[in-house]
Amino acid sequence: MIVLLGYMGCGKSTIGKLLASRTGLQFIDFDEFIEKKEGKSITAIFKQHGEVYFRKKEHQYLNELLNSAPEAVISLGGGTPCFGNNMQLLLDSKAKVVYLKAKIDTLTQRLLKEKEQRPLIKDIPDTELEEFIRKHLFERNYFYLQAPVKIEVDTLTAEEVVDQLVKLN
Ligand SMILES: Nc1ncnc2c1ncn2[C@@H]1O[C@H](COP(=O)(O)OP(=O)(O)OP(=O)(O)O)[C@@H](O)[C@H]1O
Ligand SMILES: O=C(O)C1=C[C@@H](O)[C@@H](O)[C@H](O)C1
Ligand SMILES: [Mg+2]
């Protein structure tokens, strides 16, 4: 099992999908896994039940997924490692855990174009997004940096990131 983690927009979904098709492993996007289980979009879960409910479900489904231990590439949600004991669960599992590390500038450029489907940033004015990401990433890096493997993605194409991931084995 390979688990990709990192901030919103670092490329977890894009790279996870590519890596899965390159290796023949099943691809599981954890946000989509939660959406299927809950029968609604992440946006709808946040709107109807709030973030605390989402985090509880996210924790529950992470346990479920790790216990079923599929031979798969798993792209986590941006916040998954940062709540409860999720990061410890990941580190204690047999999964190869990889942080896709992107700079604030890279994340801001990408997320300015894709705020809508991301409930945590969709209401932040464009002019304030960079500052928000700076603070948020500072808090979250405490968790992300515990990943035993880190790949700096800023100057790499998605295919080049996959090249590095394939070499990990
Ligand atoms: N290495 C890369 N080079 C250029 N663009 C990239 C790269 N990786 C991803 N992207 C682009 O960045 C955007 C965000 O990528 P993606 O949706 O895969 O991020 P994510 O980490 O899954 O985000 P979230 O946590 O919000 O689900 C997409 O438009 C994607 O095409
Ligand atoms: O960074 C986050 O906390 C999130 C990222 C997305 O992948 C989703 O899991 C959700 O929008 C929360
Ligand atoms: Mg994603």
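Trainee: Where in the chain is the place of Ala 69?
Mentor: This is a predicted model. In this model, the backbone around Ala 69 leaves helix 4 and has yet to enter strand 3 (72-75). The place of Ala 69 is the loop between helix 4 and strand 3.

Trainee: Is Ala 69 buried or exposed?
Mentor: A residue counts as exposed if 12 or fewer other C-beta atoms lie within 10 Å of its own. Ala 69 has 11 such atoms, so Ala 69 is exposed.

Trainee: What is phi of Ala 69?
Mentor: Most residues other than glycine have a negative phi. Ala 69 is a residue other than glycine, yet its phi is positive. The value is near 40°.

Trainee: Is Cys 10 buried or exposed?
Mentor: Cys 10 lies in the loop between strand 1 (2-5) and helix 1. The cut-off for buried is 20 or more other C-beta atoms within 10 Å. Cys 10 has 28 of them, so Cys 10 is buried.

Trainee: Which residues does Cys 10 touch, not counting residues up to four places away in sequence?
Mentor: With those sequence neighbours set aside, four names remain on the list for Cys 10. They are Leu 100, Ala 102, Leu 107 and Val 153.

Trainee: How is Thr 157 classed, buried or exposed?
Mentor: Thr 157 is found in the loop between strand 5 (149-152) and helix 8 (158-167). A count of 12 or fewer is needed for exposed. Thr 157 has 12 C-beta neighbours inside 10 Å, so Thr 157 counts as exposed.

Trainee: Why is helix 3 oblique to helix 4?
Mentor: The axes of helix 3 (residues 42-49) and helix 4 (residues 51-68) come within 7 Å and cross at roughly 125°. Angles of 65 to 115 degrees count as roughly perpendicular and those over 145 as roughly antiparallel. The crossing angle falls in neither range, which makes helix 3 oblique to helix 4.

Trainee: Which residues of helix 4 does helix 3 meet?
Mentor: On the side of helix 3, the contact uses Ile 45, Phe 46 and His 49. The residues of this contact divide into four nonpolar, one polar and one charged. The partners in helix 4 are Glu 51, Tyr 53 and Phe 54.

Trainee: How do the residues in the contact of helix 6 with helix 7 divide by class?
Mentor: The axes of helix 6 (residues 104-112) and helix 7 (residues 126-144) come within 10 Å and cross at roughly 135°. Helix 6 gives Ile 104, Leu 107, Thr 108, Leu 111 and Leu 112 to the contact, and helix 7 gives residues including Asp 126, Glu 130 and Arg 134. By class, the contact has seven nonpolar, one polar and three charged residues.

Trainee: Which element gives the largest share of the shell around ligand 1?
Mentor: Of the 20 residues around ligand 1, Gly 11, Lys 12, Ser 13, Thr 14 and Gly 78 come nearest. The elements that give two or more residues to this shell are helix 1 (12-23) and helix 8. The largest share, four residues, comes from helix 1.

Trainee: How many nonpolar residues does the shell around ligand 2 have?
Mentor: The residues around ligand 2 include Met 8, Asp 31, Gly 77 and Arg 118. By class, three residues of the shell are polar and two are charged. The number of nonpolar residues is four.

How values were computed: Residues are numbered from 1 along each chain as its sequence is written. Chains are lettered from A and ligands numbered from 1 in the order in which they are written. This is a predicted model: local features need pLDDT of at least 70, side-chain atom pairs count only at pLDDT 80 or more; totals for chains, interfaces and linings use all residues. Axes are lines fitted to C-alpha atoms, for helices over the stretch in contact, and angles run from 0 to 180 degrees between N-to-C directions. Two residues are in contact if their C-beta atoms, placed from the backbone, lie within 7 Å. Ala, Val, Leu, Ile, Met, Phe, Trp, Tyr, Cys and Pro count as nonpolar, Asp, Glu, Lys and Arg as charged, and the others, Gly among them, as polar. Angles under 35 degrees count as roughly parallel, over 145 as roughly antiparallel, 65 to 115 as roughly perpendicular and the rest as oblique. A residue is near a molecule or strand if its C-beta atom, placed from the backbone, lies within 6 Å of it.
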